[in-house]
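Let's walk through this one cysteine by cysteine, and then look at the sheet around them. Have the viewer open and follow along.

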Amino acid sequence: MARLVAFVALCLLFASLAAATSPFLVKGKCYCDTCRCGFETEATKYLAGSKVKIECRHRVTNEITYTIDGVTNSQGEYNILVNRDCGDDVCDVVLVESSDKRCGKPNGGRDRARVILTRNNGMSSDVRYANNMGFLSDAPLKSCTQILQQYQLTEDQY
């Protein structure tokens, strides 16, 4: 019986060590808000080659404790591996640079996304999903008026 208990304890120890060393995978998307309306529409263009970064700050001092860069793929998606637990930090994915110069201004309120990078919160998966982040186009597409009518919004309301 003692051997069984020791074996189970040893298995649990190895499992916890393996979980503590596996990296987090942060996933999200970057887009161009081609209608300049503040949210994704059917005219939204996802941006390949845009730059993002994860930035973690200490909860009390607000000093940057960790950063890592990422780039979006052909579908505008990024996948960033984080090799540490940032339990004492507040972490955000932040827009850095758009790959489309005609869509280069970060959309306020959609320019960063909070991510929880700790295992000390009950989440069992190592994958963390960040909200999509967007840049504003220099000018809305001509088709945006019709698109926004589907949402019952006019230019005066956004």
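C30 is a good place to start: with a relative accessible area of 0%, C30 falls under the 20% cut-off and so counts as buried. Keep in mind that you're looking at a predicted model. Now jump to C86, which takes part in no disulfide. The nearest cysteine sulfur to C86 belongs to C56, and that one sits 3.9 Å away. Why does that not make a bond here? The cut-off for a disulfide is 2.5 Å between the sulfur atoms, so a sulfur at 3.9 Å doesn't qualify. C86 has a relative accessible area of 2%, so C86 is buried.

So which cysteines do pair up? By the distance rule, the count comes to three disulfides. As a reminder, a disulfide is a covalent bond between the sulfur atoms of two cysteines.

Take C32 and C103, whose sulfur atoms are 2.1 Å apart in their disulfide. This one ties together distant parts of the chain: C32 is in strand β1 (residues 24–33), while C103 is in the loop between β6 (89–97) and β7 (105–106), 71 residues apart. Turn to the S-S bond and you'll find 110° about it, a right-handed link. Both ends are tucked away from the probe: C32 is buried at 2% relative accessibility, and C103 is buried at 0%.

Next up is the disulfide of C35 and C144, with the sulfur atoms 2.0 Å apart. Again distant parts of the chain are linked, this time 109 residues apart: C35 comes from the loop between β1 and β2 (45–46), and C144 from helix α2 (residues 144–150). What is the handedness here? The torsion about the S-S bond is about -85°, so this disulfide is left-handed. As for accessibility, C35 is buried with a relative accessible area of 1%, and C144 is buried with 2%.

That leaves C56 and C91, joined with an S to S distance of 2.1 Å. Here the link runs between two strands, from C56 in β3 (residues 51–58) to C91 in β6, 35 residues apart. Its torsion is about 110°, so the disulfide is right-handed. C56 is buried at 0% relative accessibility, and C91 is buried at 1%. If you number the bonded cysteines in sequence order, the pairing reads 1-5, 2-6, 3-4.

Now for the sheet that holds β3 and β6. Four strands form an open sheet in the order β4-β3-β6-β8, with antiparallel pairing. β4 (64–71) and β8 stand at the edges with a single partner strand each, so one side of each has no neighbour in the sheet. From one strand to the next, the twist averages 20°. Zoom in on β6 and β8 and you'll see antiparallel pairing over four bridges. One residue to click on is V94, whose bridge partner in β8 is R112.

Finally, swing over to N107, in the loop between β7 and β8 (112–115). Is N107 buried or exposed? Its relative accessible area is 8%, so N107 counts as buried. And what is N107 in contact with, once neighbours within four places in sequence are left aside? The contacts are Y31, D33, G38, G134, F135 and L136.

Terms used: Residues are numbered from 1 along each chain as its sequence is written. This is a predicted model: local features need pLDDT of at least 70, side-chain atom pairs count only at pLDDT 80 or more; totals for chains, interfaces and linings use all residues. Side-chain values use heavy atoms; hydrogens and water are left out. Buried means under 20% relative accessible area, exposed over 50%, partly exposed in between (1.4 Å probe, protein chains only). Contact means heavy atoms within 4.5 Å. Two strands pair if DSSP finds at least two bridges between them. Axes are lines fitted to C-alpha atoms, for helices over the stretch in contact, and angles run from 0 to 180 degrees between N-to-C directions.
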